[in-house]
2 protein chains.
Amino acid sequence: MPFHEINVKNVKIDDKFWNKRIRSAVENIVPYQWRVLNDQEPGAAPSHAVMNFKIAAGMESGEFYGYQFQDSDLAKWIEAASFSLIYQDSPQVRAALDQAISIIEKAQQPDGYLDTHYILKKPDKKWQEIAHGHELYCTGHMLEAAVAYYTVTGSERLLKIMEKNVKLIRQVFGKAKGQIDSYPGHEEIELALMKAYRVTGEQVYFELAQYFVENRGEKPGFLEEPRFLELAKERWSQADYHQAHAKIREQKAAEGHAVRAMYFFTGAADVALETGDSTLKKALENLWSNVTGRRMYITGGVGSQGDGERFTIDYDLPNDTCYTETCAAIGLAMWALRMLRLEPDARYADVMERALYNNVLSGISEDGEHYFYVNPLQLKPDVAQYRRDHESVEPERVKWFGCACCPPNVIRTLCGLGGYVYTQRGEAIYQHLYVGHSAEVETSSGVAHLTCTSSMPWQGAASITYHGPVGISLYLRVPEYAMGFALTKDGTPVEFTVERGYAKLTPQNGSTYQVNFEMEARLVQANPRVTEDCGKAAVLRGPLVYCAEEADNGPLLNSFILDMSIAPELEESPLFGGITTLQVAGTRPDMEVWPEDRLYSAAPNARQAAQMKLIPYFLWNNRGLGEMLVWMNAR
Amino acid sequence: MPFHEINVKNVKIDDKFWNKRIRSAVENIVPYQWRVLNDQEPGAAPSHAVMNFKIAAGMESGEFYGYQFQDSDLAKWIEAASFSLIYQDSPQVRAALDQAISIIEKAQQPDGYLDTHYILKKPDKKWQEIAHGHELYCTGHMLEAAVAYYTVTGSERLLKIMEKNVKLIRQVFGKAKGQIDSYPGHEEIELALMKAYRVTGEQVYFELAQYFVENRGEKPGFLEEPRFLELAKERWSQADYHQAHAKIREQKAAEGHAVRAMYFFTGAADVALETGDSTLKKALENLWSNVTGRRMYITGGVGSQGDGERFTIDYDLPNDTCYTETCAAIGLAMWALRMLRLEPDARYADVMERALYNNVLSGISEDGEHYFYVNPLQLKPDVAQYRRDHESVEPERVKWFGCACCPPNVIRTLCGLGGYVYTQRGEAIYQHLYVGHSAEVETSSGVAHLTCTSSMPWQGAASITYHGPVGISLYLRVPEYAMGFALTKDGTPVEFTVERGYAKLTPQNGSTYQVNFEMEARLVQANPRVTEDCGKAAVLRGPLVYCAEEADNGPLLNSFILDMSIAPELEESPLFGGITTLQVAGTRPDMEVWPEDRLYSAAPNARQAAQMKLIPYFLWNNRGLGEMLVWMNAR
């Protein structure tokens with residue numbers, strides 16, 4: 001019996017740390033984005049996303065405007081807005097969703113076709129620009145939206161539209177004569193098809209997903225077609241950019257565009273869960289080892305180069321010029337969740353949590369209205385603003401909506417966070433995240449009701465109450481960083497065994513467990529194969545990576561040398577409404593001996609004892625432009 | 001009485017270290033390059049440089065081929081070949097020079113115009129593409145060639161051709177009605193004009209040089225003309241790229257294309273020496289402080305970014321993606337020599353020597369036939385071959401002649417090295433370099449004959465014999481790195497005073513001095529404002545920067561941590577015909593605790609005592625592809 005997806009509607013987050021972020025998304029950003037998508041928000045960049053659908057629907061006249069994947073902006077909003085109803089059943093949002101779906105319905109062509117870019121601008125090029133046309137990508141996002149809308153509201157309206165669209169795609173693509181035998185340029189539809197399959201049971205979704213996953217890397221692929229040969233000469237647009245350099249079972253490393261890769265592996269894991277194919281599972285495990293063991297930043301960021309927004313080579317993890325796109329970290333969390341369904345192992349959850357609390361959260365400002373696409377681990381503003389190799393690095397978060405890719409992705413992740421808390425199969429429930437919530441989880445023995453309060457990420461403490469059938473196994477994750485993981489029930493220690501990183505409990509109806517573990521600030525070094533981190537250390541506590549900022553420590557953060565023999569000190573800080581900061585000790589150079597016009601001098605030079613105050617990485621750049629540093633020189 | 005240029009013919013290098021390099025240039029590379037320029041060298045990239053002149057001369061039919069500055073390849077060859085006659089008066093080289101000049105003579109148009117690119121390809125665009133046309137740049141190199149040919153052979157043939165060309169330019173450019181009021185896109189002609197002025201005394205050269213130097217930065221400049229406005233929108237092609245963002249006295253920092261900047265400052269210093277203008281001298285001193293105090297690599301490299309081949313911002317000195325073009329380091333040495341003429345101060349000579357022994361020499365392989373344009377201070381081959389931001393970094397020297405800019409520049413520098421040894425004015429002679437040689441130096445009291453034998457750069461020992469008039473002051477440089485600088489004469493210590501880094505002697509006819517100083521290997525740190533060098537040290541001995549190579553130390557050089565409390569050990573090595581290597585002590589990580597698929601682990605991790613063998617930087621990459629590192633992690 002395989003693991004299955006937990007209905008996101010049934011896990012409602014209620015957590016001191018996350019509430020304000022989710023509330024901001026639900027109350028402010030979802031309505032704001034609807035206005036933006038309708039070009040009704042003064043000062044925001046033109047979107048035209050709704051207008052494109054209206055024109056395609058014959059409701060308005062005009063021309064298509066935007067990127068070829070502009071439709072996906074509306075799709076991601078529908079998904080986020082649907083999730084937002086879990087937290088606030090707003091009539092305005094419901095009405096907007098209803099209106100959006102009505103327009104989409106009218107825009108759909110009689111045969112099921114639904115991409116406004118091609119309907120309006122290139123009607124003779126449908127399915128002809130597979131590498132970069134993004135038709136299948138847009139379908140994927142709209143299908144995810146349809147599943148979210150159905151899951152939360154129970155309405156099949158959008159799902160029916162998309163079913164018609166998918167059936168058309170199933171006719172167009174395939175290995176039969178007259179069909180296009182190919183696969184998407186930008187993966188996304190695979191995981192969406194598997195979501196639709198799980199809620200509908202319709203085979204067409206599964207078959208198409210499996211075909212796209214298994215066919216990827218087939219030669220000749222879309223890049224060998226004459227019309228793509230020119231494109232493929234671009235150094236970063238060759239087959240590996242699209243994960244099309246080999247069939248998935250022959251892929252030894254995560255290559256190419258990081259978001260595409262993450263979405264692909266997510267969809268492939270969904271297929272592997274359905275088929276039980278051990279060779280596909282093994283391939284994904286190998287790719288997971290490659291990514292998390294050789295190509296992932298300590299923040300959960302993936303994709304180390306801006307050119308091609310892509311993976312480069314093993315251990316190549318520059319801290320200042322990295323890409324580490326917010327969407328890619330979201331993709332890593334999505335993939336981790338699927339790996340947890342394939343096999344419950346806390347190492348997947350550790351990475352998922354790492355990505356969510358660091359690279360994903362850093363994508364959004366504390367005010368909820370500014371976003372990073374690129375999340376560097378080191379920033380010097382003057383260098384970032386000047387150097388060519390930093391041109392994809394923004395030194396400050398930017399206002400909502402340029403190329404609107406990451407911002408709505410963060411919002412749908414925040415509103416859909418409940419989906420990351422559990423996996424379940426049979427009579428087993430695995431809780432991966434210590435995030436306060438209340439949940440209903442269906443098991444083979446009936447519905448289990450769980451509530452959790454948590455002090456994470458500041459303290460390793462949670463309280464979990466179970467109501468439901470007996471005979472259920474409740475597995476609680478023992479985080480990699482937990483010191484002295486202890487469980488009590490009514491003040492009495494509970495004995496437990498640990499299986500692949502999970503403490504196994506057999507709760508009674510009404511059982512309440514207290515989870516307690518210490519989270520010491522820990523100094524971490526990188527594999528010496530990572531050139532850029534040699535001689536350096538990063539400071540982490542619990543799931544949080546910490547960083548130094550100029551706002552607390554003045555400039556020239558790199559000149560600090562951390563003393564690894566001195567443990568960091570914790571401090572409860574009123575910053576940002578109350579956080580735990582860390583104080584680390586070391587030395588800084590005596591700048592008196594370094595006049596501005598002297599570059600080099602005989603060592604050793606005078607150094608002075610110094611301390612640095614560190615804040616959680618995800619909070620950086622909320623106090624203006626300044627230097628930031630994760631990996632500190634250390635001895 | 002100002003300093004003046006020493007006739008390069010009168011300083012003949014005869015030095016154990018340099019002889020093999022000069023001999024290779026004279027005997028092999030000069031003839032080889034002549035064949036390449038005539039497209040007679042199988043396997044070499046097509047040059048067409050001589051053919052372009054032949055076609056322009058009406059001696060052949062065909063079309064122009066090559067870069068718009070292809071003429072300068074022949075010019076630099078004439079300069080190098082002329083200098084080579086100092087060392088080997090080859091009839092073949094003389095005949096080739098004679099032939100080349102005859103062709104050039106025929107190619108020159110009646111009005112004096114002489115750029116084959118415009119004669120053959122764009123006759124209606126003469127003087128119309130000043131920013132990037134390179135006409136004035138090519139004239140500059142051909143004028144340098146003419147001066148070299150005249151200086152060494154006494155023949156005025158080429159000089160007369162160029163005089164006619166310069167007189168045309170003097171008519172075309174200027175502030176009178178009908179003239180083009182502008183300045184060159186790529187500086188070079190300024191310093192060449194000043195060379196011509198010194199050997200001929202013709203005012204036209206000086207006036208034109210002064211006009212170009214003083215006019216630079218005048219608004220509107222060539223970038224404001226409508227035909228350049230489009231070009232100037234390119235981020236790296238704006239006014240500062242051309243050092244045209246301000247008049248020279250208002251320039252606070254060296255900006256833009258590094259070679260252009262070095263050539264400009266060189267020419268400007270020549271003008272300042274002639275005019276005695278203290279404000280121009282002060283501006284150059286400020287620029288010198290900026291370059292050497294904030295923007296120069298420890299190897300004497302300048303220009304830290306490949307895009308725009310340019311300076312970026314203060315203290316921005318990445319070691320792996322730097323440009324540090326060989327030509328730019330040559331330009332820095334040229335500028336240093338001019339600053340020494342403006343004011344004898346050993347700090348200029350220290351930088352000149354640093355550039356020559358490190359960034360310039362690293363430009364050429366030990367076999368003399370392979371060249372670096374870009375001279376990084378850190379190389380990981382797999383990263384350099386993969387990453388976009390390393391695309392200008394070649395991981396190995398390349399064979400002679402692609403865009404043939406740096407290779408002939410190195411050759412003319414080697415053959416013309418004698419010109420860097422002395423400066424002279426009145427009865428004062430300053431010796432800057434301890435390079436074995438024999439020289440005739442004209443002074444106001446008559447000709448002085450000097451011979452020098454030297455053990456540099458391996459030992460701080462030299463013997464200098466003087467024959468000539470009495471009353472001469474001989475100033476010997478006390479290098480910045482000399483420990484216990486001592487002078488003896490016939491075994492007896494000589495008392496001396498030191499003026500701005502020079503030991504002052506008053507030799508008798510026939511005096512022989514022994515110079516002795518210790519050169520300890522020294523550990524050097526960078527200003528903490530240099531982010532990339534924080535927590536690191538470089539190892540130098542005498543003028544030489546040392547580096548670690550994979551050939552001696554295996555891979556993962558960055559994982560070594562140098563122990564700065566342990567002095568490097570010297571070792572006489574048979575490598576490369578006999579060099580001094582250094583052994584440094586420190587630690588390397590125990591790789592047993594670092595499996596290939598684990599990226600991060602709690603610190604501190606096991607480290608083991610280790611040593612690294614260092615070789616002089618200029619010798620790197622003579623033993624195949626591998627890692628190289630100058631700045632080592634240190635504690």
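**Helix 9 and its surroundings**

In this predicted model, helix 9 of chain A is followed by A:G217, a residue with a positive phi, near 90°. The helix itself covers residues 203-215, which makes 13 residues. From first C-alpha to last it reaches 18 Å, close to the 18 Å expected at 1.5 Å a residue.

Much of interest here faces inward: A:V204, A:Y205, A:F206, A:L208, A:A209, A:Y211, A:F212, A:V213 and A:N215 are buried. The buried residues of helix 9 pack against four chain A helices, namely helix 6 (135-153), helix 7 (157-172), helix 8 (189-200) and helix 11 (258-275).

**The nonpolar cores**

Now to the cores. The largest nonpolar core has 226 residues, and within it A:L158, A:L284 and A:W335 touch the most other members. Helix 13 of chain A (residues 326-342) gives the most to this core, with 13 residues.

Take A:L284 as an example: beyond its neighbours within four places in sequence, it is in contact with A:I248, A:F265, A:A268, A:A269, A:A272, A:W335, A:M339 and A:L342. Apart from this core lies another, of 223 residues, and B:A239, B:Y348, B:Y357 and B:V441 are among them.

**A seven-stranded sheet**

Chain A also has an open sheet of seven strands, paired antiparallel in the order 1-7-8-9-15-11-12. Strand 1 (11-13) and strand 12 (492-493) stand at the edges with a single partner strand each, so one side of each is left without a neighbour in the sheet.

Further in, strand 11 (residues 483-489) and strand 15 (residues 512-518) of chain A run antiparallel and are joined by five bridges. Here A:T488 stands opposite A:Q514 of strand 15.

Conventions:
Residues numbered from 1 in each chain as written. Chains lettered and ligands numbered in written order. Predicted model: local features only at pLDDT ≥ 70, side-chain atom pairs only at ≥ 80, totals over all residues. Heavy atoms only, no water. Pairing = 2+ DSSP bridges. Helix = DSSP H or I, 4+ residues; strand = E, 2+ residues; numbered from the N terminus. Expected span 1.5 Å × (residues − 1). Buried < 20%, exposed > 50% of the residue type's maximum accessible area, 1.4 Å probe, protein only. Contact = heavy atoms within 4.5 Å. Core = buried A, V, L, I, M, F, W, Y, C linked by side-chain atoms within 4.5 Å.
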